[in-house]
Amino acid sequence: YRYFIAILEPSETEWKNSCSASILSKRILMTAAHCLKTHESKRQVLLGQSVLNSDTWEVSRQVLNIERVEPHPKYDRISAYYDIGLIYTKKDIIFDEAVQPVCLPTLPSQNSDHLDGNLAILAGWGLESEDGNRERTTLRRLPLAVFSNETCHQKYDLTGGSDAARNRKTFLPHMFTNQMMCAGSSVNNSF
C-alpha cells in the first residue's frame, strides 16, 4: 500500500511499530487519535517500506521526524467516537511510484449504511491475534465486509441486558453513529 506508513518508537535494538497512518498530503498523515495520546518527539514515521527492521532498505524508504500531532478536538480517550487525528511531518514526503497519498471520496457521506455489503481493507503491522505475543513485521492486509449500523446494533445487542451491552455502554454510549463504519468478517456473521 503506497499510502500506508508505520509510526515508530525507537528501542535499543530495533524500531517498534506503535501505530499506522495514511498519507493525506506532503506533510500530513491521518491516524487514530488513540495513537497520539502518548506522542513523544522521538517517534518517527516510516514510509515506503513494507518490512519493518529489514536489513534491506526498499528504494522508496523514507524516515521522517514528526513536527506535531493533532487529535480530533472531540476525542475523549474513553469512547470510540472521534478517534481520528493528524500527524504533521517536519519535512515533505517525497512521492514516487511506491509512496502516494490515499485516495479519498470527493463528496462527504452523511451515512455509512450505503456501504453495506462492500469490502473494506484493514492493513497494518502488529499482533497476529488479541491474545498473541508475536508481532508481525511485514505489512499485511485483510478484507473486511462492511455492515449497516443496524446490523451492528443487533450483533452487539447494545440496547439489551447482555454482557456485551453492559461492556459497551462506556465505549459506545450512543451506539454506532453515522460518523462510523462497522466492518468485520462475513464468515459466520462475526465482527
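Visitor: In this predicted model, is arginine 68 buried, partly exposed or exposed?
Guide: The relative accessibility of arginine 68 is 38%. Buried would require a value under 20% and exposed a value over 50%. Because 38% falls in between, arginine 68 counts as partly exposed.

Visitor: With which residue does arginine 68 form a salt bridge?
Guide: The closest N and O atoms of the pair are 2.9 Å apart, and a salt bridge asks for such atoms within 4 Å. The partner is itself partly exposed, with a relative accessible area of 34%. The residue that pairs with arginine 68 is glutamate 70.

Visitor: How many residues apart in sequence are the parts tied together by the salt bridge of aspartate 92 and arginine 27?
Guide: A search of the whole structure finds two salt bridges, and in one of them the side chains of aspartate 92 and arginine 27 meet at 2.8 Å, N to O. Aspartate 92 lies in the loop between β6 and β7, whereas arginine 27 lies in the loop between β2 and β3, so the pair links parts whose separation in sequence is 65 residues.

Visitor: Which strand gives the largest share of the largest nonpolar core?
Guide: This core has 16 residues, and Ile5, Leu29, Val45 and Leu47 touch the most other members. Two or more residues come from each of β1, β2, β4 and β5. The largest share, three residues, is contributed by β2.

Visitor: Which residues does leucine 47 contact, leaving aside its neighbours within four places in sequence?
Guide: Leucine 47 is one of the residues that touch the most other members of the largest nonpolar core. Apart from that core lies another, of nine residues, among them Tyr81, Phe147, Phe176 and Met180. The contacts of leucine 47, with those neighbours left aside, are Ile5, Ile23, Ser60, Arg61, Gln62, Leu64, Ile93 and Val99.

Visitor: Is serine 20 buried or exposed?
Guide: Serine 20 has its place in strand β2, which spans residues 15–23. Not counting residues up to four places away in sequence, serine 20 touches Phe4, Ile5, Ile7, Thr31, Gly124 and Trp125. The relative accessible area of serine 20 is 19%, and because the cut-off is under 20%, serine 20 is classed as buried.

Visitor: What distance separates the C-alpha atoms of glycine 184 and leucine 122?
Guide: Glycine 184 is found in strand β9, residues 182–184, and is buried, with a relative accessible area of 3%. Leucine 122 is 62 residues away from glycine 184 along the chain, and the separation of their C-alpha atoms is 9.6 Å.

Terms used. Residues numbered from 1 in each chain as written. Predicted model: local features only at pLDDT ≥ 70, side-chain atom pairs only at ≥ 80, totals over all residues. Heavy atoms only, no water. Helix = DSSP H or I, 4+ residues; strand = E, 2+ residues; numbered from the N terminus. Buried < 20%, exposed > 50% of the residue type's maximum accessible area, 1.4 Å probe, protein only. Contact = heavy atoms within 4.5 Å. Core = buried A, V, L, I, M, F, W, Y, C linked by side-chain atoms within 4.5 Å.
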